[in-house]
Amino acid sequence: MPEKPFEGRFYYIETFGCQQNERDSEIIAGILEDLGFLPSDVFSADIIIFNTCAVRETAEEKIKGKIGALKALKYKNKDLVIGIGGCMTAVEETAEEIYKTFPFVSFVFGTGALEKLPRLIKDAFNGRRTPLGDESGEIPEELPSVRRDPYRADVSVMYGCDNFCTYCIVPYTRGRERSRLPDEILKEVSAAVKGGAKEITLLGQNVNSYGKGLPEKTSFPELLSSVASLEGDFRVRFMTSHPKDASDALFEAMAANPKICKHLHLPVQSGSDRVLKAMNRRYTAAHYISLIKKARALIPDLVVTSDIIVGFPGETEEDFEETLDLLREIRFDSLFTFIYSVRRGTRAATMEGKIDEKTAHARFDRLVALQNAVSRAENEALVGKTLRLLVTGKSETDPAVLAARSEGNRLCHLKADLSLIGKFVNAEIISAKTWSLEASVRP
Ligand code: SF4
């Protein structure tokens, strides 16, 4: 077999869902390029891979629609290979359904089968449709990857989740928690920094429980500190954290090391203890508030962001008011807000007390209105201050200005020379909007 058996052929990958999927797609691209494929658009591709997301059923339906639309391309090009991977195909019934409904799909692979991709691809080009369930769940070390952003690198520190929040499909799609060896992580971060990355994001579904099952016990704060003590001009952030595992040691590490971004994304999901219990989150609103107070006491200017789900089964008006109270007390810098949506295969899907759409939307609107006012006020308070920003590229909305991110991951726009892309700059905030800041580079 030649070293690059598919030289001269083209690939197209479409990624749905979270940052973990984006990172997996970088590895998939690396595997394809190692085999000789080059990137192209969907119409010129010899192989199309969809890396799917299973978090929401509505998103899953849309992805199925997009898979269905590939039939026309397959009709025009009988040799086209189509692979469907990611969280959807990690659920056995969905993988089976995709195989049955879309017979033109050449192969499916779950999140634990990345290292098997070269064989699956070769089999598919030889006309063999691989049987389902060929997963190892092993940690994909030593796999190539093509990073999509030259200045910001995602580095997975662990895979899977053991928490079984009742609304979440992740423990079923990504399996139980497996942590990578610290040395492998440090090697990958060093290589990314040497390759020009200025910002490293350590990724995991619940990074705070990193280290379970490692031959030598290492906690996440220890890992974070080791990463931050590597040589080079870079900063490091992490996501996602779980409040039940966030520790004083984490906040102390963040406070002690200037390379660790002073940004804590800590999903709270609800301000009602009753709802938190039904979600199986295993902390109370009071515990969450005490964590944030501790973190803020140790880390001045800490940026705190979170996730909230409204309309969880059984959520009463009183429960929802408790969520608004928590928002008023914490004053998050920004929030990811979601309306609960049923996800087959999770415990919440069979819970009583579904919230009707009208009520859920009305609560969502109230939540967003409150948060917008807080975000705007917090941003306005930054006017006149100087922040260290990483210039990430041209603004997506106005190519005449550059986009940059603060340590707290706030989006900033600035008029500056293109040569600053990929560099840290000190910039004064000159005006504020709800979702972004305008900044001016200081000499
Ligand atoms: S912590 Fe909960 S919400 Fe997050 S991935 Fe694990 S089960 Fe899902």
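A residue counts as buried when its relative accessible area is under 20%, as exposed when that area is over 50%, and as partly exposed in between. The exercises below apply this to a predicted model.

**Exercise 1.** Determine how Lys-64 and Glu-60 are placed relative to each other in helix H2, and whether they are buried or exposed.

*Solution.* Begin with the contact itself: the side chains of Glu-60 and Lys-64 form a salt bridge, with 4.0 Å from N to O. Next, look at the sequence positions: the two residues are 4 residues apart in helix H2, which covers residues 57–76, and so about one helical turn separates them. Finally, turn to accessibility, where Lys-64 and Glu-60 are both buried; for Lys-64 the relative accessibility is 10%, and because this is under 20% the residue falls in the buried class.

**Exercise 2.** Find which parts of the chain are tied together by the pair Glu-97 and Lys-64.

*Solution.* The side chains of Glu-97 and Lys-64 also meet in a salt bridge, this one at 3.1 Å from N to O. Since Glu-97 belongs to helix H4 (residues 92–101) and Lys-64 to helix H2, the pair ties together parts that lie 33 residues apart in sequence. As for accessibility, Glu-97 has a value of 31%, and therefore counts as partly exposed.

**Exercise 3.** Classify Asp-154 and Arg-148 as buried, partly exposed or exposed, and name the network in which they are linked.

*Solution.* The closest N and O atoms of Asp-154 and Arg-148 are 3.1 Å apart, and the two residues form a salt bridge. Asp-154 has a relative accessible area of 6% and is therefore buried, whereas Arg-148, at 48%, is partly exposed. Both belong to a network of salt bridges that links Glu-22, Arg-23, Glu-26, Arg-147, Arg-148, Asp-154, Arg-180 and Glu-188. For the model, the count of salt bridges comes to 38.

**Exercise 4.** List the residues that surround the ligand, and state how they divide by class.

*Solution.* Reading along the sequence, the ligand is surrounded by Cys-161, Asn-163, Phe-164, Cys-165, Tyr-167, Cys-168, Val-170, Pro-171, Gln-205, His-242 and Arg-281. Sorted by class, this shell contains 7 nonpolar, 3 polar and 1 charged residues.

**Exercise 5.** Locate Asn-77, and state how far it is from Val-275 in sequence and in space.

*Solution.* Asn-77 sits in the loop between H2 and strand E4 (81–86), and at 27% relative accessibility it counts as partly exposed. From Asn-77 to Val-275 there are 198 residues in sequence, and the C-alpha to C-alpha distance is 51 Å.

How values were computed:
Residues are numbered from 1 along each chain as its sequence is written. This is a predicted model: local features need pLDDT of at least 70, side-chain atom pairs count only at pLDDT 80 or more; totals for chains, interfaces and linings use all residues. Side-chain values use heavy atoms; hydrogens and water are left out. A residue is near a molecule or strand if one of its heavy atoms lies within 4 Å of it. Ala, Val, Leu, Ile, Met, Phe, Trp, Tyr, Cys and Pro count as nonpolar, Asp, Glu, Lys and Arg as charged, and the others, Gly among them, as polar. Buried means under 20% relative accessible area, exposed over 50%, partly exposed in between (1.4 Å probe, protein chains only).
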